[in-house]
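Colleague: I should be grateful for a close look at one part of this model. Please concentrate on a single bound molecule and on the protein that surrounds it.

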Amino acid sequence: MNTNLTQLFTVARKPTRRIIGLMSGTSLDGLDVALCRFTGHGPATQVQVEQFATVPYSEAVRGEIRRLFAQPTVELQHLTLVHAWLGTLHADMVLACLQQWHIQPAEVDAIASHGQTMFHAPRHQHGLPDWPNATLQLGDGDHLAVRTGILTLSDFRQKHVAAGGQGAPLAVYGDYLIFSQPGEDRLLLNLGGIANFTYLAATLDATQVFSTDTGPGNTLLDAFVRELYPGTQYDENGTLAAQGQVNQSLLAALLAHPFFAATIPKTTGPELFNPAYVQAAQRTSGTQSLSPTDLLATLTAFSAAGVARAVRQAFGPERPFTIYASGGGMHNPTLMAALRRELPHCRFSTTAALGIAPDAKEAVLFAILANETLVGEARPIGHGPQAVPAVSLGKISFPG
Ligand SMILES: Nc1ncnc2c1ncn2[C@@H]1O[C@H](COP(=O)(O)OP(=O)(O)OP(=O)(O)O)[C@@H](O)[C@H]1O
Ligand SMILES: CC(=O)N[C@H]1[C@@H]2OC[C@@H](O2)[C@@H](O)[C@@H]1O[C@H](C)C(=O)O
């Protein structure tokens, strides 16, 4: 047998495994690196986050990614170069983390790499009737495997698309396995660049579970803060938005897009929710001359309203939930206050209360997907139009 396959069997048969989850999200703030120790799989999965770091991207790295990110037209040579370069960059970031944590690559069983989404194109968003759902993540897994010497799983979204999904949200698989709790109806709300939530039924019934994107989380806020306050990356602690007033005409125009009325589950991205989208809504509502703080206050309210609309769409106006937040937006008190106003019947907590640091959650989720592919099994989740494909996700790259 090929020694690579022997190694794969060895990892799959171990009683515990160390898997590094990597996530580079739509905010382009950096690479999230979560060193996880697993025992078991499926509903018996136990995961302990041994180390976590966000390795920040330099402005130069962000600039290279932005030349491609969510752009319908790009230079093909640049795209090709970035695929290899990002794989290598992520490998070096992993090696630097391991060195800092005094862990040898040989002590790690696998890397689970999300890569960087460059373009997300579900059919409802590209609007081309003869073309399929599609999505593209760059940062090649072979480069990670060869450079780190660690077995790598990557490119998790393609199988989901191939099996009939939109390629996202994938959070549903991991959320169901580690956060379900008998007796508590839960929403796991991730406030990243794009916001999404997973519903977990108190009955643990897998057929009731689903995830959906709800619209922008931080992506529009970040884009306008960068433009209006050069040198600033985001509205730290929501202080700028807190100084402004929400403009109801602009908010109504922002919420008029059919995405918000479309059936759940749905996915989206900065391909739709970008500055041009906001400028068009400003034109239709005659609000082009809003002050920067009023604009940020309105965009913050827009993110909260998108989440609340999806929650009401799925569960009606008053169903009480405990909402466990994660992602960078949970550090924004103005956004969280807007959410509390929108969903007064819900109780808010964070995934820290469930044992997973909120900033690490998405990276951990990809490690869970890799653990399932290595030792678990594909399982059906959801039902009817909310069903998610029962498939094992991720492509396997051997180091040699
Ligand atoms: N203290 C803070 N105050 C306000 N906003 C914050 C704060 N800390 C982080 N954020 C926001 O969180 C963002 C980073 O969020 P996160 O890392 O969850 O995004 P991501 O993983 O890239 O997104 P996605 O889940 O869409 O892929 C920042 O760009 C910023 O908008
Ligand atoms: C295509 C893509 O990269 N989507 C991301 C993005 O970031 C948040 C939201 O949009 C979510 O749909 C998804 O990521 C998470 C990890 C997911 O798949 O569950």
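What follows is an account of one ligand site and its setting.

Colleague: Which domains give residues to the shell around ligand 1, and which residues come nearest to ligand 1?

Modeller: The model is a predicted one, and the description should be read in that light. The domain assignment divides the protein into domain 1, made of 3-168 + 360-397, and domain 2, which covers 171-354. Ligand 1 lies between the two, because both domain 1 and domain 2 give residues to its shell.

The surroundings of ligand 1 comprise 21 residues, and those that come nearest are Thr26, Ser27, Asp222, Asn237 and Gly328. Sorted by class, this shell holds 13 polar, 5 charged and 3 nonpolar residues.

Several individual contacts can be described atom by atom. A polar backbone atom of glycine 193 is 2.8 Å from an oxygen atom of ligand 1. Glutamate 362 takes part through its side chain, a polar atom of which lies 2.9 Å from an oxygen atom of the ligand. At histidine 331 the partner on ligand 1 is a nitrogen atom, which lies 3.4 Å from a backbone N or O atom of that residue. Taken alone, ligand 1 has 660 Å² of accessible area, and the protein covers 88% of this.

The two domains that supply this shell also meet each other directly. Their C-alpha centres lie 24 Å apart, and the contact takes 37 residues from domain 1 and 34 residues from domain 2. Between them the domains bury about 2800 Å², with 60% of that area on carbon and sulfur atoms. On the side of domain 1, the residues that lose the most area to domain 2 are Lys361, Ile381 and Gln386, which together account for 23% of what that side buries.

Lysine 361 has a further part in this contact: its side chain meets that of aspartate 175 in a salt bridge, with an N to O distance of 3.1 Å. The count of salt bridges between domain 1 and domain 2 is 1. Polar contacts between the two domains amount to 12 residue pairs, with both residues at pLDDT 80 or more.

In summary, ligand 1 occupies a site between domain 1 and domain 2, and the protein covers 88% of its accessible area.

Methods
Residues numbered from 1 in each chain as written. Chains lettered and ligands numbered in written order. Predicted model: local features only at pLDDT ≥ 70, side-chain atom pairs only at ≥ 80, totals over all residues. Heavy atoms only, no water. Near = heavy atom within 4 Å. Polar contact = N/O pair within 3.5 Å; in protein donor to acceptor, adjacent residues only side chain to side chain. Areas by Shrake-Rupley, 256 points an atom, 1.4 Å probe, with all protein chains shown as cover. Nonpolar A, V, L, I, M, F, W, Y, C, P; charged D, E, K, R; others polar. Domains from an automatic or database assignment. Contact = heavy atoms within 4.5 Å. Buried area = accessible area lost by both parts, 1.4 Å probe. Salt bridge = Lys/Arg side-chain N within 4 Å of Asp/Glu carboxyl O.
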